[in-house]
Structures are given as structure tokens and as C-alpha cells.
Amino acid sequence: MGVSRAVADRVLARAYEKLLAPIGAGEPGGAVLITSRGEELASAARGAASLESGDPLTIHSALDVGSVAKIVTGLCIAILEEEGALCP
């Protein structure tokens, strides 16, 4: 069973509030993408893709995610568990 859109929307709203809302337009940006079984359920981006050019970050910007993905994945899993959306 995958994650429902309603759950994805709640997780995105919480992730946006905690991770993206504090980011200003000219600051290093961040993005959140929630998928289930290859289908995009929700996404958001905020901040700058490049501090040099000032170009805004979008959900289509190429990012070097490195080890940050592990932290965000852990946060999303914690939110899903708190919402009771994970199967035992």
C-alpha cells in the first residue's frame, strides 16, 4: 500500500513549515518531493538555486543532495509514523 495524497499533503505542509518557510528568497534553498510508487504526490521549493545568480529554486532545479537526503527521509518517516500512516 502506498501513501495517500491526503497524508502526503499533511507531510508536505509540516515539512514546509519546519524546513522551507524559514528560508528567504536570497538564501540557499531547499526542496521537498513526496512520491509513492513512482507517482509524485506533493512538492515544494523555496529560496535560491544559486547564490551567485540569485535564481530562485524550483522543484525542477538540479540539486547535489549528498547526505542531506538521509536527514530529510528520517524526518518524513517520523512525521508519517506520528500521523499513524505507516503499516507495522
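**View 1. Lining of the largest pocket in the predicted model.** Helix H2 makes the greatest contribution to the lining of the largest pocket, supplying seven residues. Helix H2 spans residues 68-82, and helix H1 (5-20), strand E1 (30-36) and strand E2 (39-46) likewise each provide at least two lining residues. In total, 33 residues line this pocket, which holds about 830 Å³ of space. Ala31, Val32, Leu33, Ala69 and Val72 are the lining residues that lie nearest the pocket centre. By residue class, the lining comprises 24 nonpolar, seven polar and two charged residues.

**View 2. The two faces of strand E1.** Side chains along E1 alternate in direction. Gly30, Val32, Ile34 and Ser36 are directed to one face and are buried. Ala31, Leu33 and Thr35 are directed to the other face and are not buried. Both faces are represented near the pocket centre, since Val32 as well as Ala31 and Leu33 are among the lining residues that lie nearest to that centre.

**View 3. The hairpin of strands E1 and E2.** E1 and E2 run antiparallel and are joined by seven bridges. Within this pairing, Thr35 stands opposite Glu40 of E2. Two residues lie between the strands of the hairpin, and Arg37, located in the turn, has a positive phi of about 55°.

**View 4. The largest nonpolar core.** This core consists of 15 residues. Ala8, Val11, Leu12, Leu20, Val32, Ile34 and Ala42 have the most contacts inside the core. H1, E1, E2 and H2 each contribute at least two residues to this core, and H1 provides the largest share, with six. Leu12 illustrates how the core is connected: apart from neighbours within four places in sequence, Leu12 is in contact with Val32, Ile34, Ala42, Ser43 and Ala44.

**View 5. Surroundings of Ser43 in strand E2.** When neighbours within four places in sequence are left aside, Ser43 is in contact with Leu12, Val32, Leu33 and Ile59. The C-alpha atoms of Ser43 and Ile59 are separated by 6.8 Å, although the two residues are 16 residues apart along the chain. The relative accessible area of Ser43 is 22%, so this residue is classed as partly exposed, the limit for a buried residue being under 20%.

Terms used: Residues numbered from 1 in each chain as written. Predicted model: local features only at pLDDT ≥ 70, side-chain atom pairs only at ≥ 80, totals over all residues. Heavy atoms only, no water. 1 Å grid on protein atoms, 1.4 Å probe; cavity = no way out; pocket = protein on both sides within 12 Å on 5 of 7 lines; lining within 4 Å. Points joined across faces, edges and corners; volume = space filled by probe spheres on them. Helix = DSSP H or I, 4+ residues; strand = E, 2+ residues; numbered from the N terminus. Nonpolar A, V, L, I, M, F, W, Y, C, P; charged D, E, K, R; others polar. Buried < 20%, exposed > 50% of the residue type's maximum accessible area, 1.4 Å probe, protein only. Pairing = 2+ DSSP bridges. Core = buried A, V, L, I, M, F, W, Y, C linked by side-chain atoms within 4.5 Å. Contact = heavy atoms within 4.5 Å.
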